[in-house]
Amino acid sequence: MTPSARVQAAIDLLDEILEAAKRGGAAADTLIARYFATRRYAGSKDRRAVRELAYAAIRLCGEPPASGRAAMLAVAARDPALAALFTGEGHAPARIMPDEPAAAEGVAPEWLRAALAASGLADAELAALVERAPLDIRINRLADVAVAIPDAEPIPGLPDALRLPSGVNVEALPEWAAGAIEVQDAGSQIVTLAAQAAPGQRIVDLCAGAGGKTLALVVAMMNDGAILASDSDRGRLSRLSPRATRAGASIVTTRLLDPGREAEALADWAGEADCVLIDAPCSGTGTWRRNPEARWRLTPDRLARLVETQARLLDVGAALVKPGGALVHIVCSLLDAEGAGQVARFLGGHPGWRAEPLALPAGRAHGDGVRLTPAHDGTDGFFVARLQAPC
């Protein structure tokens, strides 16, 4: 592909990504993979260049742009060399017309930017939400395999975490094949520490997904005790068992839940858990570094539904905690409606419960919990609170 053809390919992809965002379709990564699966003529350099162009445009545009071309024109306005590729010749995009509108730059749609600002994020912190994310891994001590990855850097406060150079294919590493490492953002590792998991405990990971935090709990428990990993997403939960086998985890059982009927399905665990960890479905505002097009998918109505779901799951989880046990609320969101405000609502409706102070290796106190941000902590954005049940 010529450089100009790469620009047009990125524009075409952006149109697909915008349409998917409007109708709740596939994520950008999936669409990019599908695009090149039918274009075998594109080499690895072409794929990388087109991907980088598309993501540069996504990161630059806070509001959903009118078109892929408008988004790319915003990038070209910053880069004269890129603008010069709009020649209209061959497979190149059409020439840029005088006064042709480009998409506006920004961090997020205005309603969402205002909500983040009202949640205590300064302008510099907002800008960091759409920067590129690092590649972090967690070492699995159960594997008892020495991990020696060139140019890997330790992460302060996390003795089992490493930050890898950009572009490393983790699944090609021998340590991955041996089950000695898992890809997991440092922030995700840090908030999991709030569970204070220990050998012999009984823990419910209520929204386990594919099991990243579940497997971190297994290591903290030294594979001794019991973890029930549940979720209502069959596809995501099905990925946990193979990961657990590769990691040498033998204390995990999985359970598929029906949305709205979780309490019924978990009745055998009522009042039995030392800790219930709820990595709740959320807006994902803390993960925009990895999924920047998610800003275009979120609406006030969808946020309201997520907040309702979180509140319901906290009530479900509370019923599973034994007297004196703990409920850990985690969201990869920086909106108070999903974090500090959600915890305040729970405590107001559950007499006798209290928030426990957390001493984590990163983050700052926020409401009754701790908040991590990309700007302050170099991690994805999270809110976490540990709530203790009455004895």
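Q: UniProt positions here use the numbering of this chain, and its annotations may be inferred rather than shown by experiment. With that in mind, which residues does the "binding site" annotation cover?
A: Keep in mind that the structure is a predicted model. The annotation comes from an unreviewed UniProt entry. The residues that the entry covers as "binding site" are Asp-231, Asp-258 and Asp-279.

Q: Which residues does UniProt list for the "domain: SAM-dependent MTase RsmB/NOP-type"?
A: This record, too, is an unreviewed entry. In the model, the span it names is 29% helix and 23% strand, and its end C-alpha atoms lie 63 Å apart. UniProt lists the domain as residues 100-390.

Q: Is Asp-231 buried or exposed?
A: Asp-231 lies in strand 6, which covers residues 226-231. Its relative accessibility is 8%, and the cut-off for buried is under 20%. Asp-231 therefore counts as buried.

Q: Which residue offers its backbone nitrogen to a polar atom of the Asp-231 side chain?
A: Leaving aside neighbours within four places in sequence, Asp-231 is in contact with several residues, including Leu-206, Cys-207, Ala-208, Gly-209 and Arg-255. One of these has its backbone nitrogen 2.9 Å from a polar atom of the Asp-231 side chain. That residue is Gly-209.

Q: Where is Asp-258 found, and what is its relative accessible area?
A: Asp-258 is found in the loop between strand 7 (252-256) and helix 13 (262-265). Partly exposed is the class between the cut-offs of 20% and 50%. Asp-258 belongs to that class because its relative accessible area is 46%.

Q: What is the handedness of the β-α-β crossover from strand 5 to strand 6?
A: Strand 5 (residues 202-205) and strand 6 run parallel and are joined by 4 bridges. Within this pairing, Asp-205 stands opposite Ala-229. From strand 5 the chain passes through helix 10 (residues 212-220) to strand 6, and this crossover is right-handed.

Q: Which residue in strand 8 is the bridge partner of Val-204?
A: Strand 5 is also joined to strand 8 (residues 273-279). The two strands run parallel, with 3 bridges between them. In strand 8, the bridge partner of Val-204 is Val-276.

Q: What is the distance of the polar contact between the side chains of Ser-333 and Glu-338?
A: Ser-333 sits in the loop between strand 9 (321-331) and helix 15 (340-349), and it is buried because its relative accessible area is 1%. Its side chain also reaches the backbone nitrogen of Leu-335 at 3.1 Å. Residues that Ser-333 touches, beyond four places away in sequence, include Cys-282, Thr-285, Glu-338 and Phe-382. The polar contact between the side chains of Ser-333 and Glu-338 has a distance of 2.5 Å.

Q: Which residue makes a side-chain polar contact with Asp-46?
A: Asp-46 belongs to helix 3 (residues 44-60) and counts as buried, with 7% relative accessibility. Leaving aside neighbours within four places in sequence, Asp-46 is in contact with Met-1, Arg-6, Phe-36 and Tyr-41. One of these has its side chain joined to that of Asp-46 by a polar contact of 2.9 Å, and this is Arg-6.

Q: Which residue makes a polar contact with the side chain of Asp-29?
A: Asp-29 lies in helix 2 (residues 28-37) and is partly exposed, at 35% relative accessible area. Its C-alpha atom is 9.9 Å from that of Arg-290, although the two residues are 261 residues apart along the chain. Beyond four places away in sequence, Asp-29 touches Arg-51 and Tyr-55. The side-chain polar contact, at 2.6 Å, is with Tyr-55.

Q: How many aromatic pairs are there?
A: Rings pair when their centres lie within 6.5 Å, and planes over 60 degrees apart count as edge-to-face. By this rule the count comes to 2 aromatic pairs. Tyr-35 and Phe-36 form one that is edge-to-face, at 5.2 Å centre to centre with 85 degrees between the planes. Phe-346 and Trp-353 have ring centres 5.3 Å apart and planes at 85 degrees, so this pair is edge-to-face, and the count is 2.

Q: What is the relative accessibility of Phe-346?
A: Its partner Trp-353 counts as buried at 13%. In the other aromatic pair, Tyr-35 is buried at 6% and Phe-36 at 8%. Phe-346 is likewise buried, because its relative accessibility is 0%.

Notes: Residues are numbered from 1 along each chain as its sequence is written. This is a predicted model: local features need pLDDT of at least 70, side-chain atom pairs count only at pLDDT 80 or more; totals for chains, interfaces and linings use all residues. Side-chain values use heavy atoms; hydrogens and water are left out. Buried means under 20% relative accessible area, exposed over 50%, partly exposed in between (1.4 Å probe, protein chains only). A polar contact is a pair of N or O atoms within 3.5 Å; within protein, one must be able to donate a hydrogen and the other to accept it, and residues adjacent in sequence count only if both atoms are side-chain atoms. Contact means heavy atoms within 4.5 Å. Two strands pair if DSSP finds at least two bridges between them. A crossover is right-handed if, with the strands pointing away from the viewer, the path from the first strand over the helix to the second runs clockwise. Rings of Phe, Tyr and Trp (its six-membered ring) pair if their centres lie within 6.5 Å; planes under 30 degrees apart count as stacked, over 60 as edge-to-face and the rest as tilted.
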